[in-house]
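Me: I have a model open and want to go through its strands and its core. Can you help me read it?

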Amino acid sequence: MTTATASPLRSLSALKKIAHQRRWFQGKRFVYYGATACDSHMLSHFLPVSAVICDDDGDEVRTIIENAWGAKVFSYERKKRVRHGDPEPFEMFFLHDEGDRIMKCIGEWDDDVCFVPFSTTPDLQEFLFHKGRHLRLLQNPVIVQNYFDYKARLAWRAAKLGIPIPPESSLGFLGSLNYEELTQKYGGAFVVQVPLSSAGMGTDIIRSKVDFDNMVAEKQEMLEDRFDRTQVKITRFLPGPPLNCTASICNGEIVLSPPCVQIVGEPALTPVQTQHSGSDFSLRGIPPEIRKQMIDTMIKVGRWMGGNCYRGNFGIDFLTTTDKSGVPDAVFVSEINARLVSESQYMADFEAMRDVVPLSFFHVAEFMNYEIRPEDILRYNEALPEIEGSNLIVCTLEEGIFRCPGTLKAGRYVWRDNAPLWIGPGISLSDTKNSEEFVVTSGVPCEDLVIGHPRYGYLDIPLFNVMSRESVLDPNDWKRLNPKWQSIIHALRNAVALAPCPPRSLKDLP
């Protein structure tokens with residue numbers, strides 16, 4: 001087979017060679033934009049990352065992304081030395097406050113500048129529009145992203161698309177919800193989802209009148225005069241483990257990845273029962289018929305999205321019911337995530353370890369108009385490797401304002417004598433040498449950092465991620481960590497040693 005007709009998808013090594021021959025990345029600079037700096041690692045396997053604009057910071061960001069890669073990092077957290085737990089300050093103010101400094105750096109480059117954001121924001125679009133026409137956005141615009149992220153939309157289209165949604169799903173307005181009617185219809189517990197939200201923040205599980213009243217009060221405070229006319233999706237609470245699958249629309253085809261078990265509301269990781277807390281790819285046991293139905297759904301939804309102008313990466317969260325042994329026996333679509341997803345970095349890293357083209361490449365290829373043949377994508381889908389390992393997001397469990405005087409630092413660890421032992425630097429799973437090692441990464445807080453809103457204090461603030469080559473879930477209860485990993489997370493929390501501290505004024509900082 002000649003180089004001209006060779007598929008760049010047959011391996012990551014082949015992709016790098018063909019990308020060089022076809023000059024795909026020459027004359028271009030790539031900038032990653034997102035809350036977590038370490039997510040830029042999903043791109044570094046196949047293209048040079050020149051800059052990262054992010055919310056968080058940490059030792060691994062400085063030692064690996066800046067020093068080893070040579071990328072310039074612009075971090076909200078580094079400048080303010082506060083980790084809010086609220087995405088709005090970064091998304092709404094950082095580009096406005098630091099735009100001139102960022103543009104001074106970018107302006108020194110003679111190459112075309114391509115922004116690859118985790119997801120689009122109005123402020124990023126405004127920045128790109130006003131700061132220079134040579135800046136390219138490799139992501140769907142906000143209006144397209146929100147169209148598909150709107151949680152009620154897929155429920156409207158489900159029958160026509162032929163995809164399974166939870167039984168007795170209904171749409172209503174917050175101002176007209178009646179607890180007695182809903183609990184009678186759904187036989188007890190039910191779920192209310194606000195249309196535009198992410199990471200479980202707009203999802204409430206209602207098991208009692210107290211839950212319902214608290215949900216209403218929270219939404220009234222958040223939505224103010226929009227409360228009455230905000231449409232929501234209501235579904236029966238399904239007790240099975242949540243599942244996820246990710247895909248990318250590229251050149252008219254749907255590029256697939258293997259399904260995984262999502263970790264949601266694990267008490268060792270988060271105090272919020274609907275909070276997304278990670279993924280487990282190593283837990284085996286998803287029945288073949290359930291897996292096939294998920295893959296078929298990804299293709300159907302992907303073709304619908306592509307036919308309505310969506311491009312690149314998306315994910316779908318699934319809900320399940322189980323048989324008497326706890327194994328999923330039916331699967332239903334919960335929601336679309338019209339963007340890169342929490343699994344994107346982890347999948348890209350594992351795929352690169354196996355010399356497989358990362359799924360994140362197809363997102364870039366779609367927006368850069370690289371010539372990827374549909375037949376090569378179909379062969380890629382047929383040869384999908386099983387992804388292994390797990391990713392955990394460890395958050396604060398208590399509300400308050402804290403500092404971190406402990407000894408925890410980013411890098412590779414092993415579990416020895418019921419304690420985590422640091423053995424070297426690392427940013428992701430590919431840095432580990434064997435299956436015993438795990439990685440603590442993604443913004444491990446330094447002592448000078450204040451954790452919590454500087455005036456109010458928040459709970460459920462991400463502290464760090466833990467990546468392991470093994471399954472972390474209990475094989476008898478797919479919704480909970482196994483005893484070993486409960487112990488590891490507890491020990492890592494102790495190593496952070498959160499301690500109450502006075503509020504820090506953002507206005508007093510440079």
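Me: Which strands make up the open sheet, and in what order?

Reply: This is a predicted model. In it, 5 strands form an open sheet in the order 3-2-1-5-6, with parallel pairing.

Me: Which strands stand at the edges?

Reply: Strand 3 (72–75) and strand 6 (135–137). Each has a single partner strand, so one side of each is left without a neighbour in the sheet. From one strand to the next, the twist averages 20°.

Me: How many bridges join strand 1 to strand 2?

Reply: There are 5 bridges between strand 1 (residues 28–34) and strand 2 (residues 49–54), and the two run parallel. Phe30 has Val49 in strand 2 as its bridge partner.

Me: Switching to strand 19. Is it largely enclosed or largely open?

Reply: Largely enclosed by the rest of the structure, because 5 of its 6 residues (411–416) are buried.

Me: What does strand 19 pair with?

Reply: Strand 19 pairs antiparallel with strand 21 (residues 438–441) over 3 bridges, where Arg412 is matched with Val439. Strand 19 also pairs antiparallel with strand 20 (residues 419–424), over 5 bridges. There, Tyr413 stands opposite Trp422.

Me: And how many residues are between strand 19 and strand 20?

Reply: The hairpin has 2 residues between the strands, and Asp417 in the turn has a positive phi of about 55°.

Me: Now the largest nonpolar core. Which residues touch the most other members?

Reply: Met305 and Phe464, out of 61 residues in that core. Beyond its sequence neighbours within four places, Phe464 is in contact with residues including Leu392, Leu408, Val440 and Leu492. A second, separate core has 54 residues, among them Ile64 and Leu359.

Technical notes:
Residues numbered from 1 in each chain as written. Predicted model: local features only at pLDDT ≥ 70, side-chain atom pairs only at ≥ 80, totals over all residues. Heavy atoms only, no water. Pairing = 2+ DSSP bridges. Helix = DSSP H or I, 4+ residues; strand = E, 2+ residues; numbered from the N terminus. Axes fitted to C-alpha atoms, helices over the stretch in contact; angles between N-to-C directions. Core = buried A, V, L, I, M, F, W, Y, C linked by side-chain atoms within 4.5 Å. Buried < 20%, exposed > 50% of the residue type's maximum accessible area, 1.4 Å probe, protein only. Contact = heavy atoms within 4.5 Å.
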